[in-house]
Number of protein chains: 2
Amino acid sequence: MDEFNALATFGALSNVTRLRILKYLVRMGCNGKTAGEIGKAVEATPSRASFHLATMTETGLLVSERRSREIFYKVNFNSIGNLVHYLIHDCCKGNNTVQSCCNPKDNCE
Amino acid sequence: MDEFNALATFGALSNVTRLRILKYLVRMGCNGKTAGEIGKAVEATPSRASFHLATMTETGLLVSERRSREIFYKVNFNSIGNLVHYLIHDCCKGNNTVQSCCNPKDNCE
DNA sequence: CTTATATTTCAAGTTTTATTGAAATATGGA
DNA sequence: TCCATATTTCAATAAAACTTGAAATATAAG
């Protein structure tokens, strides 16, 4: 992941509707859910849901697939993993676990 | 970390100036750097640097300390760790390493 | 007390992002 | 073909975030 994609992905995660879409889709599992179902779940109008789903798909957080008239969206876990890796690599100098990153012993005080 | 703080922290990381401030301060180590040095490093005017440093400090990403006329800022690694934990907990159902989160085997395909 | 340095705060303007509702596109069935 | 459903796209507006430069605050030194 490069800086441009990291910025876009952090931006995608910084909106409450999109963060709730992500949480909903994580719960809903591997088949994904339709744009309509997602919109209802997060209480967004169709066009608003579509707008946020497009943003999340552009950054790579979600992947979409049309099945007949419906479009299914699901989480791209690799994208989340890549973001975490980017954050840990750049912010914790290569330590690659949450534990070593967050250990107070490593935090200068 | 709650949803509100996660949103604010993702927002703090979604701006290129702030992301570069974070990277700079990670490199610069535990004593921190002054607002002036940080501003020069990321090519921001004093007021712009101050604005972004305030945003980052409010979310908990940075901590500040005045020493005489200067204000030193440094990274709060716990904040980054908490954010990663929030992301992994909510997005990967409790698996707490990057590896298990991102393993394609767990990704339904 | 005055001046200089470091930083923040404020108000104004600009840019970006988000919302809304209507219209357009895509698919499937009668 | 015509109609219904699902979703997206578009244009207009609204809201939030960012930038700028000037003024204010805080600290220190002469």
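Which helices and strands of chains A and B each supply at least two residues of the surface near DNA strand C?

1. Elements at DNA strand C. The model is predicted. In it, the elements that each supply at least two residues of the surface near DNA strand C are α4 (46–59) of chain A and, from chain B, α3 (35–41), α4 (46–59) and β3 (70–75). The largest contribution is that of α4(A), which gives four residues.

2. Confidence. The average pLDDT of chain A is 87, and 82% of its residues score at least 70. A stretch to read with caution is residues 94–109 of chain A, where pLDDT stays under 50. For this stretch the model has 26 contacts beyond four places in sequence.

3. Surroundings of DNA strand C. This strand is surrounded by 19 residues, and the closest are drawn from both chains: A:Arg18, A:His52 and A:Arg69, with B:Gly36 and B:Tyr73. Of the atoms of DNA strand C that come within 4 Å of the protein, 69% are accounted for by sugar and phosphate. Sorted by class, the surface near DNA strand C holds six charged, eight polar and five nonpolar residues.

4. Individual polar pairs at DNA strand C. On the base side, a polar side-chain atom of A:Ser47 is 3.2 Å from a base oxygen of the strand. Two pairs from chain B involve phosphate. B:Tyr73 places a polar side-chain atom 2.4 Å from a phosphate oxygen of DNA strand C. For B:Ile71 the atom concerned is a polar backbone atom, at 3.4 Å from a phosphate oxygen of DNA strand C.

5. Surroundings of DNA strand D. Here too there are 19 residues around the strand, and those that come nearest are A:Gly36, A:Tyr73, B:Arg18, B:His52 and B:Arg69. Sugar or phosphate makes up 69% of the atoms of DNA strand D within 4 Å of the protein, and the rest belong to bases. The surface near DNA strand D divides into six charged, eight polar and five nonpolar residues.

6. Individual polar pairs at DNA strand D. A:Ala35 has a polar backbone atom 3.2 Å from a phosphate oxygen of DNA strand D. Two pairs involve bases. A polar side-chain atom of A:Arg69 is 3.4 Å from a base nitrogen of DNA strand D, and a side-chain N or O atom of B:Ser47 is 3.2 Å from a base oxygen of DNA strand D. Two or more residues of the surface near DNA strand D come from each of α3 (35–41), α4 and β3 (70–75) of chain A, and from α4 of chain B. The greatest share, four residues, is given by α4(B).

7. Sheet of chain A. Three strands of chain A make an open antiparallel sheet in the order β1-β3-β2. β1 (33–34) and β2 (62–67) of chain A each have a single partner strand, so each of these edge strands has one side without a neighbour in the sheet. The antiparallel pairing of β2(A) with β3(A) runs over six bridges. Among the bridge partners, A:Leu62 is matched with A:Val75 of β3(A), and A:Val63 with A:Lys74 of β3(A). Helix α2 (residues 16–28) of chain A packs on this sheet and touches β1, β2 and β3 of chain A, at about 90 degrees to the direction of β3(A).

8. Hairpin of chain A. β2(A) and β3(A) are joined as a hairpin with two residues between them. One point to check in the turn is A:Ser68, which has a positive phi of about 65 degrees.

9. Sheet of chain B. Chain B has an open sheet of three strands with antiparallel pairing, ordered β1-β3-β2. Its edge strands, β1 (33–34) and β2 (62–67) of chain B, each pair on one side only. β2(B) and β3(B) are paired in the antiparallel sense over six bridges, and B:Glu65 has B:Phe72 of β3(B) as its bridge partner. Helix α2 (residues 16–28) of chain B lies across β1, β2 and β3 of chain B and runs at about 90 degrees to β3(B).

10. A contact between the chains. B:Glu3 belongs to helix α1 (residues 3–13) of chain B. Its side chain makes a polar contact of 3.1 Å with the side chain of A:Lys23. Apart from neighbours within four places in sequence, B:Glu3 is in contact with A:Val16, A:Leu19, A:Arg20 and A:Lys23, as well as with B:Tyr86.

Methods. Residues are numbered from 1 along each chain as its sequence is written. Chains are lettered from A and ligands numbered from 1 in the order in which they are written. This is a predicted model: local features need pLDDT of at least 70, side-chain atom pairs count only at pLDDT 80 or more; totals for chains, interfaces and linings use all residues. Side-chain values use heavy atoms; hydrogens and water are left out. pLDDT is the predictor's confidence in each residue, from 0 to 100. Contact means heavy atoms within 4.5 Å. A residue is near a molecule or strand if one of its heavy atoms lies within 4 Å of it. A polar contact is a pair of N or O atoms within 3.5 Å; within protein, one must be able to donate a hydrogen and the other to accept it, and residues adjacent in sequence count only if both atoms are side-chain atoms. Ala, Val, Leu, Ile, Met, Phe, Trp, Tyr, Cys and Pro count as nonpolar, Asp, Glu, Lys and Arg as charged, and the others, Gly among them, as polar. Two strands pair if DSSP finds at least two bridges between them. Axes are lines fitted to C-alpha atoms, for helices over the stretch in contact, and angles run from 0 to 180 degrees between N-to-C directions.
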